[in-house]
Number of protein chains: 2
Amino acid sequence: MALSLELITRTARSLLIQYGLQDVSMRRLAKELDVAPGALYYHVPSKQELLRTVAHEILTPLRTESGDALQLMLRFRELVLPLRDVGDLLLLAYALDASLPPAQLLPERLVTAGWPRDEARDTTAVVMRFALGAVATEQNQALLERPATATATATGQAPDAPQAMEAERIYLHGLQRLLIRPV
Amino acid sequence: MALSLELITRTARSLLIQYGLQDVSMRRLAKELDVAPGALYYHVPSKQELLRTVAHEILTPLRTESGDALQLMLRFRELVLPLRDVGDLLLLAYALDASLPPAQLLPERLVTAGWPRDEARDTTAVVMRFALGAVATEQNQALLERPATATATATGQAPDAPQAMEAERIYLHGLQRLLIRPV
DNA sequence: ACCTGAACACCGTTCAAGT
DNA sequence: ACCTGAACACCGTTCAAGT
């Protein structure tokens, strides 16, 4: 009872953060909310639409980010990386609408930095594709290396330094190459 | 009867080409082969492993490609794009091993073109992430725009020109930016 | 208006038992 | 060695019927 769109998306989001995308099912969500699975469909048209909404919400903090294009994209990675296996979801959400938060803001930042409008638009598309591919790759690798660590990272601090650092270096390298203003 | 690893992967691949990744399930595969679902697991350890093998096979034609890095990556897109919604699969296959056919060959091509070894290695990682992100985005968009066209494209020729051309332009643009040798 | 119960048409994987 | 039958533990979605 007391079900609502807002409650559903909030619960979906917390499931996503705690257990990863693979554990976000409509039935699991319904169980969490103590409700029959069908009840969700009174408030939400489909799972895909629900996840698109959640993806949007997760990325909204970027809208208040004030740095330049590079800083924006670094913040994007930081925001998304902790959400295990959410990369595929973002790929889908971006395909659904290309104005997903970082993409929405990039062109103006580039124009501010002196880019021509057309170049800024194309570069945004390129950078987004790279960033989504990079994050998805990185998350998939993390998921496949330590397969079922389940819940808490009880390993204290500084857990998976080597690959994460390598991945960060590659990410930064790609961004720098793409965000250098062409002559 | 007469089941084998080779027959299974071949059938999986033909299902993938005909109906897309969403229609490749172990049960569907078993039905196609006139066999109980469990029988597949005598030859294959898991669905994930099966799909990784299929992804590898699809990309092996690239190994005999003789062009430079840019031509190699253009061929990659051509090869993969007709297989609807296979982008996510490739992202996973690449995460499982980073020597997936185009990645395997890129470093030497770059070195041949005068790149330093270290730069070539990093650039390969960057280009792969971009290409995988780009293809996945493009396929997701195609899948979401005309949702259930099902089987044959009965629309004759020259079907979806506008977005496909835009996507190709962005892909090329990104590659050119990444494959220019830095000073 | 909002929700339940029950169904429909599926999944991946395991495993005793058969041949 | 290779496969079947049957089960386990799930899916997303729909929809009559209840309140």
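Which polar side-chain atom lies 2.9 Å from a phosphate oxygen of DNA strand C? That atom belongs to B:Lys47, and the contact is a good doorway into this predicted model, in which local features need pLDDT of at least 70, side-chain atom pairs count only at pLDDT 80 or more, and totals for chains, interfaces and linings use all residues. Residues are numbered from 1 along each chain as its sequence is written, chains are lettered from A and ligands numbered from 1 in the order in which they are written, and side-chain values use heavy atoms, with hydrogens and water left out.

Around DNA strand C there are 18 residues, where a residue is near a strand if one of its heavy atoms lies within 4 Å of it. The closest are A:Ala36, A:His43, B:Met26, B:Arg27 and B:Tyr41. Of the atoms of DNA strand C that come within 4 Å of the protein, 57% belong to sugar and phosphate. Polar contacts (here, pairs of N or O atoms within 3.5 Å; within protein, one must be able to donate a hydrogen and the other to accept it, and residues adjacent in sequence count only if both atoms are side-chain atoms) add detail to this picture. A polar backbone atom of B:Met26 lies 2.8 Å from a phosphate oxygen of DNA strand C, and an N or O atom in the side chain of B:Tyr41 is 2.3 Å from a phosphate oxygen of that strand. Helix 2 (residues 26-32) of chain B gives the largest share of the surface near DNA strand C, with three residues; helices (H or I, at least four residues) and strands (E, at least two) are DSSP runs, numbered from the N terminus. By class, this surface has nine nonpolar, five polar and four charged residues, counting Ala, Val, Leu, Ile, Met, Phe, Trp, Tyr, Cys and Pro as nonpolar, Asp, Glu, Lys and Arg as charged, and the others, Gly among them, as polar.

DNA strand D also has 18 residues around it, and A:Ser25, A:Arg27, A:Tyr41, B:Ala36 and B:His43 come nearest. Sugar and phosphate make up 57% of the atoms of DNA strand D within 4 Å of the protein. Chain B supplies several phosphate contacts to this strand: a polar side-chain atom of B:His43 is 2.6 Å from a phosphate oxygen, while polar backbone atoms of B:Ala36 and B:Leu3 lie 2.8 Å and 3.3 Å from phosphate oxygens. From chain A, helix 2 (residues 26-32) contributes three residues, the largest share of the surface near DNA strand D. That surface divides into nine nonpolar, five polar and four charged residues.

Turning to the fold, chain A has eight helices and zero strands. Of its 183 residues, 44% are buried, meaning under 20% relative accessible area, with exposed over 50% and partly exposed in between (1.4 Å probe, protein chains only). Among contacts (heavy atoms within 4.5 Å) in chain A between residues at least 6 apart in sequence, 72% join residues at least 24 apart.

Helix 6 (residues 101-112) of chain A has 12 residues and spans 18 Å from its first C-alpha to its last, close to the 16 Å expected at 1.5 Å a residue, the expected span being 1.5 Å times one less than the number of residues. Its buried residues are A:Pro101, A:Pro102, A:Ala103, A:Leu105, A:Leu106, A:Arg109 and A:Leu110. They lie on the same side of helix 6 because they cover an arc of only 165° around the axis, as given by the directions from the helix axis to the C-beta atoms. Just after this helix, A:Gly114 takes a positive phi of about 105°.

Two threonines of helix 7 of chain A contact residues of helix 6. A:Thr123, in helix 7 (residues 117-145), counts as buried because its relative accessibility is 1%. Beyond its neighbours within four places in sequence, A:Thr123 is in contact with A:Leu110, A:Trp115, A:Leu178, A:Leu179, B:His173 and B:Arg177. A:Thr124 is buried too, at 5% relative accessible area, and with the same neighbours-within-four exclusion is in contact with A:Ala103, A:Leu106, A:Pro107 and A:Leu110. A polar atom of the A:Thr124 side chain lies 2.9 Å from the backbone oxygen of A:Ala120.

In chain B, helix 5 (residues 87-96) is mostly covered, with seven of its 10 residues buried. These buried residues pack against helix 5 and helix 7 of chain A, together with helices 3, 4, 6 and 7 of chain B.
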